[in-house]
Amino acid sequence: MATQISVRTDQLALLGKLLDSARQGRGRVALLSGPVASGKTALLTGFGDDALADGAVLLDCTGDPAESALPFALARKIFENAPLTASARAEATRLLDEARGEPDAHGQMLAMRKLVALLLDTAKEQPVVIAVDDVHASDPASLRFLLYLVRRIRHARVLVVLSEPARPGPEQRNLHAELAHLPHCTRLRLKLLSPAGTAELLEEYLPPAAATGLAFEFHNITGGSPLLLRGLIEDHLTATEAGESAPSVVRGEHYAQAVIDCLRRLGPEAPAVARGMAVLGGSGTPKFVAQLLDLPDKTVEKAAADLSRSGLLRQGVFRDARAATLVLEATPAGTVTRLRTRAAEMLYAYGCAAPEVARHLVAAGVPGAAWTVPVLQEAAEYALANGDMEFVQRALALAQESSDDDQLRASLRVKLAGVTWRADPAAVDVQVAQLLPSSEPEPDATAEQLSTSDLVVTVAYLAWSGRLDRATGLLDALEEHPGWSGGEERTALATARHWLAMLSPPLHLPDGIRTPAGAGDAIAGDADTAHRHTAWAVTAALSDQGRRSDAVSEATRVLQRYQLNDGFIQPLVFALWALVYAERLDLALPWCERLLTESADRHAPVWQALLLSVRAEIALRQGDLPAARRHAERALSRMSQKSWGLGSCLPLATLVQAHTGMGSYEEARILLGWALPKSFGQTLPGLHYRRARGRWNLAMGRYHVALEDFLGCGELMAEWGCDVPELVPWRLDAAETWLALGQADKARELAEEQLARSPEQLRGVTLRVLGSATGGQLGLRYLQEAAELLEDGDDRMQLALALAELGRAYRSLDDVNRARMLVRKAWHLAKASGAEPLYRQLIPGYADADAEPNAPGHEPTPQQDAASLTEAENRVALLAAHGHTNREIASKLYVTVSTVEQHLTRIYRKLNVKRRRDLPTKLSASDLQPKATPGPATGGPVAVLSTHAVGTGLYN
């Protein structure tokens, strides 16, 4: 593609005026200078074509560095193109041969005089244009001939146009000095194209709209260099012709060649200096580049100036990062590695920041001296904070290769595994495998390399992937190793076993670690300490010996003391689970939200997945099914099924229960088809999953299969010594299943057994099930107490179920008005919780099929008019009437819980009621009144509720 010269209209016009002057016998000289690839050749060629078309004689030639040692090589080219007679041409050849044979310049003068005369004779017939491109590359004799010529054309019909670079060499200085004193010499200095000139050039090849849209970016990349622009235009046209949807800039083969051509034209020093600057990047000052390349400062400064004038550099760095990459790609790999290594050493000696030094070490990719290890570690920490995970992994891997300390190498492997784990746990197996002995029972290499913290973290990674046997085997072997007989080592082994036993209780704990470490130990920042305290917190929360307060304080201490980091993410997450198991959702929720916010900026999808899993369980236990589904789906989407490992049981269980409660049975069935690690059945996460599967089976009417799941959970929990309903309320699940099978006695037996064991937080749920199984006046009392307890709790779903069954009990006693009011409140709660199967059954009038849903007189009339309530009291009463807890009302109205309680006391007095469930529903707004909807298509009744409603189930 020939570069258009229409953008050089001013220079063309000036050359045209000089030619007009020469036509009139006033000879002229034009010295055209400009940066490499600025369009000098294109301008010279275009002008020559115009002059030839206008009747002038064109004698054009180009200086060639390869001929610079041949006397009169350029002058011979001029005469070869001249329109001479045969005799004149023979004379010119003879004179050139004689001049070439003369030993000095003085002897050549006679021949020059005659040669110039031949050219001036030609100019008598027609104007002559002598155009010499790259005159700086001419041989010295030809330069002397040109000087001799231009001194004698002032009154001849001759125009001499010479082109040279912006910075000519010392050989051309005499030419400049001579020309500067000639009155008929004109200097034309070309600059790179302006943004407007760039747009004009683009319009020669692209549609106007495309040219206008690309002009700014093309100019920013090239600085207006016609050579580089031509490469970009060619690549853009090639992509367009190929039918590709070309992006704003295509840097392809033509652009790459243009960059290399530009360097080649700049001379021998420019490519080397360009390599140095490409290596150093922003640190590429002339001083540093000179030191890196072992070149004189002046040489580097001149080459850098040429690179800037050519459009490749701007303010000492490459305009286009791709151009810098192309320069290095064109350099032998060994040379680049040496330059990178040398740059790192030099910057380190100057005290530059670790990330800048490590950038070169990582790019070189070869193990370095001992000083490089801490530099790479520090740079990895910076990159970790900035989310550059690829650099972190490469830096840690190189630090590992560069270190000769076995324990440090092992620690770096663990760190590398942690970084890898935060993005893809499935990819950690390679790093973990390097830490483990290749054959049993010889853990010598592992024993010598692993620190105590490294051991615990490694075991945690193995447990996550479901390789519990592998982790246990490692600990068994290390316990027999003499290198692990010290107190610190034995504590680390016990901590690792405690962690395994926390996840899989069949892996029994050693006797010495059933009590927490001292307070001072909890302040330590090692990963093994964090794992130890977290494991104890979970164990205490699941203990049947009333250690819930200890679990809460220990879990809170872990959350307060340890920062979110690779080695601490699992302890922090399980500390949240300890709070959940301890029924302290009020603590677990803010901590979980805080950690989620922190993890959002840490480029750690795995961290977010784990935290979202906890957040989903909290929402589930609060009876907020849509939120539980949303958070669980987000958790599962953060990483692949393979990466989830053993942990997949937790969000899967939550999501299955949420789908079941919302009536999305097919979605739940698909989730139950996930492939799980073989060891999941013997783990705490596996219990969550098995319970969720049972709830789905119950909702689908598969009662005996559901009963098998629930009773199986009970057997495992009893065997493991963690038979607490906060983990899985298997007795209540089984009781509901027996009710569905019509076995009220068996249901009541299980509920009574659970009541004797239930903590205060679960008493309301237990009484609800017991009341449904008992019936009659006793059952009514159980349900009344259940409703009272659940009104002050967090779980709206459980309150909805209790109110619905209480309404059913009142209906059986012919108290239709009270039954209707309670069912309506249960409907609102079920609707707010997203429990579609439940709220579709709790339509107004369901408690009394013979009554009109909205007929007057079906609700108790308060003895004092509701108009006596203040505006604030009315708002509180409205929310309380629809089943919101005091804490929820306080949150919605932006007041304290104490204020809500005070308002309720006054409301009860004014309306002459004793409890919130007696509040009249006529306080509610009309738009909140439910409309009748059809009930579920399948499922038989269990008391007042179908099995689909029961499937939404017990979340506490």
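These legends describe close-up views of a predicted model.

**View 1. Two separate nonpolar cores.** The largest nonpolar core has 159 residues. Leu455, Trp644, Leu687 and Leu727 have the most contacts inside this core. Another core lies apart from it and holds 78 residues. Leu228, Val259, Leu263 and Leu313 are among the residues of that second core. In soluble globular proteins, nonpolar side chains tend to be buried together.

**View 2. The surroundings of Leu687.** Residues up to four places away in sequence are not counted here. With those set aside, Leu687 touches Cys713, Leu716, Met717, Trp720, Leu727 and Val728. One of these partners, Cys713, is buried, with a relative accessible area of 0%.

**View 3. Cysteines without disulfides.** The structure holds 0 disulfides. Cys649 has a relative accessible area of 0%, so this residue counts as buried. Cys713 also has a value of 0% and is buried.

**View 4. Asp723 in a loop between two helices.** Asp723 sits in the loop between helix H37 (703–720) and helix H38 (730–740). Is Asp723 buried or exposed? Its relative accessibility is 9%, so Asp723 counts as buried. The side chain of Asp723 makes a polar contact with the side chain of Trp730, at 3.0 Å. Neighbours within four places in sequence aside, Asp723 is in contact with Met717, Ala718, Trp730, Arg731 and Arg757.

**View 5. Helix H23, a covered helix.** Helix H23 spans residues 452–464 and has 13 residues. From first C-alpha to last, H23 reaches 19 Å. That is close to the 18 Å expected at 1.5 Å a residue. H23 is mostly covered, with 13 of its 13 residues buried. Gly466 follows H23 and has a positive phi, near 85°.

**View 6. An aromatic cluster that includes Tyr461 of H23.** Ring pairs link Trp421, Tyr461, Trp464 and Trp644 into a cluster. Trp644 is also one of the residues with the most contacts inside the largest nonpolar core. Trp421 and Tyr461 are both buried.

**View 7. A stacked pair, Tyr348 and Trp371.** The structure holds 10 aromatic pairs. In one of them, the rings of Tyr348 and Trp371 have their centres 4.1 Å apart and their planes at 20°, so the pair is stacked. This pair links distant parts of the chain, 23 residues apart. Tyr348 is in helix H16 (residues 333–349), while Trp371 is in the loop between helix H17 (354–364) and helix H18 (372–386). Tyr348 is partly exposed at 40% relative accessibility. Trp371 is partly exposed at 24%.

**View 8. Two loop residues with positive phi.** Glu583 has a phi near 60°, a positive value in a residue other than glycine. Glu583 lies in the loop between helix H29 (569–581) and helix H30 (585–600). At 13% relative accessibility, Glu583 counts as buried. Asp814 also has a positive phi, near 65°. The loop holding Asp814 runs between helix H42 (796–812) and helix H43 (816–833). Asp814 is exposed, with a relative accessible area of 61%.

**View 9. Pro140 and Leu70.** Pro140 is in helix H6 (residues 140–150). Its relative accessibility is 47%, so Pro140 counts as partly exposed. Pro140 and Leu70 are 70 residues apart along the chain. Their C-alpha atoms are separated by 8.8 Å.

Definitions and conventions
Residues numbered from 1 in each chain as written. Predicted model: local features only at pLDDT ≥ 70, side-chain atom pairs only at ≥ 80, totals over all residues. Heavy atoms only, no water. Core = buried A, V, L, I, M, F, W, Y, C linked by side-chain atoms within 4.5 Å. Buried < 20%, exposed > 50% of the residue type's maximum accessible area, 1.4 Å probe, protein only. Contact = heavy atoms within 4.5 Å. Disulfide = S-S within 2.5 Å. Helix = DSSP H or I, 4+ residues; strand = E, 2+ residues; numbered from the N terminus. Polar contact = N/O pair within 3.5 Å; in protein donor to acceptor, adjacent residues only side chain to side chain. Expected span 1.5 Å × (residues − 1). Phe/Tyr/Trp six-rings, centres within 6.5 Å; stacked < 30°, edge-to-face > 60°.
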